[in-house]
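Q: I am new to this structure and would love a close look at one part of it, the cysteines. Could you walk me through which of them are paired and where they sit?

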Amino acid sequence: MPSPSRRLQTKPVITCLKTFLISYSLIFWFTGVILLAVGVWGKVNLEAYFSLATEKSTNAPYVLIGTGAIIIIFGLFGCFATCRGSPWMLKMYAAFLTLVFLAELVAGISGFLFRHEIKAILADTYQDAINTYNGTSPRSQAVDTIQRTLKCCGMRNYTDWPDTDYFKENGIPVSCCKESSNCTAEVLKDLNRAAQEVYSVGCFAMMTSVMESNLGIIAGISFGIAFYQLIGVFLACCLARYITNNQYEMV
């Protein structure tokens, strides 16, 4: 048993660590809310870009949503473990923070290393989406969404459409039009007349620019959150060690 004087000296240290760890856990909980919000935002705003890769929706936004929800739960668990002063709970909390750190670090590094491959894949899938465009499939709807949102047309420009089967029957898609009321069927089938009514900028350059800027924000948030976990690991381990070594009980 430690002496009374030793316990009196240790109590302020544990109280200080407890305060810092509770503050950390609340901030950690808030980062979970941020990831949850980013996941929902990605699902709503980037779904068109993700869906170009496959006919089905991607699970990427759901991964962020799920990760955010788990962090929210463990952030609350961290507050509870700190208030209880339970060493095994604190060690469990530290282990979870370590796993989150490693997972986010690996994901961030992988995304950075393979960013050029991702861009190349996006180019191939977007070109394929234009070649197989029919106006009704999920990938065709994704192309329409991108052209309307970014105010662009085709892969490089509107001259990409004459090579498609869709153009032979319907002309350039209406989603390329600056003003849909000016785009009659005759205009859309005549490339020279359509040039005055559709967007002249190609979609791929604008699309990759938008995605890179958004992914840069997401990557920055992810790396920041990842290294932030190390602070929690340090605080949780220190508090657990102090409580164990000094047989301190939180009332």
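A: Here is a tour of the cysteines, one pair at a time.

Please keep in mind that this is a predicted model, in which local features need pLDDT of at least 70 and side-chain atom pairs count only at pLDDT 80 or more, while totals for chains, interfaces and linings use all residues. Residues are numbered from 1 along each chain as its sequence is written, and side-chain values use heavy atoms, with hydrogens and water left out.

A disulfide here is a pair of cysteine sulfur atoms within 2.5 Å. By this rule there are three disulfides.

Let's start with C152 and C203, whose sulfur atoms are 2.1 Å apart in their disulfide. This link is right-handed, with 100 degrees about the S-S bond. The bond ties together distant parts of the chain, 51 residues apart: C152 lies in the loop between α6 (138–150) and α7 (165–170), and C203 belongs to helix α10 (residues 203–246). Helices such as these are DSSP runs (H or I, at least four residues), numbered from the N terminus. Both C152 and C203 are buried, where buried means under 20% relative accessible area, exposed means over 50%, and partly exposed is in between (1.4 Å probe, protein chains only).

Next comes the disulfide of C153 and C176, with an S to S distance of 2.2 Å. Distant parts of the chain are linked here too, 23 residues apart: C153 is in the loop between α6 and α7, and C176 is in the loop between α7 and α8 (185–189). The torsion about the S-S bond of C153 and C176 is about 85 degrees, so this disulfide is right-handed. C153 is buried, because its relative accessible area is 0%, and C176 also counts as buried at 0%.

The remaining pair to visit is C177 and C183, joined with their sulfurs 2.1 Å apart. Its S-S torsion is about -125 degrees, and therefore the disulfide of C177 and C183 is left-handed. C177 has a relative accessible area of 6%, so C177 is buried; C183, with 10%, is buried as well.

How does the whole pattern read? If you number the bonded cysteines of the chain in sequence order, the pairing is 1-6, 2-3, 4-5. C238 is in no disulfide, and the nearest cysteine sulfur, that of C237, is 7.1 Å away. Finally, take a look at C16, which counts as partly exposed because its relative accessibility is 36%.

Key
Helix = DSSP H or I, 4+ residues; strand = E, 2+ residues; numbered from the N terminus.
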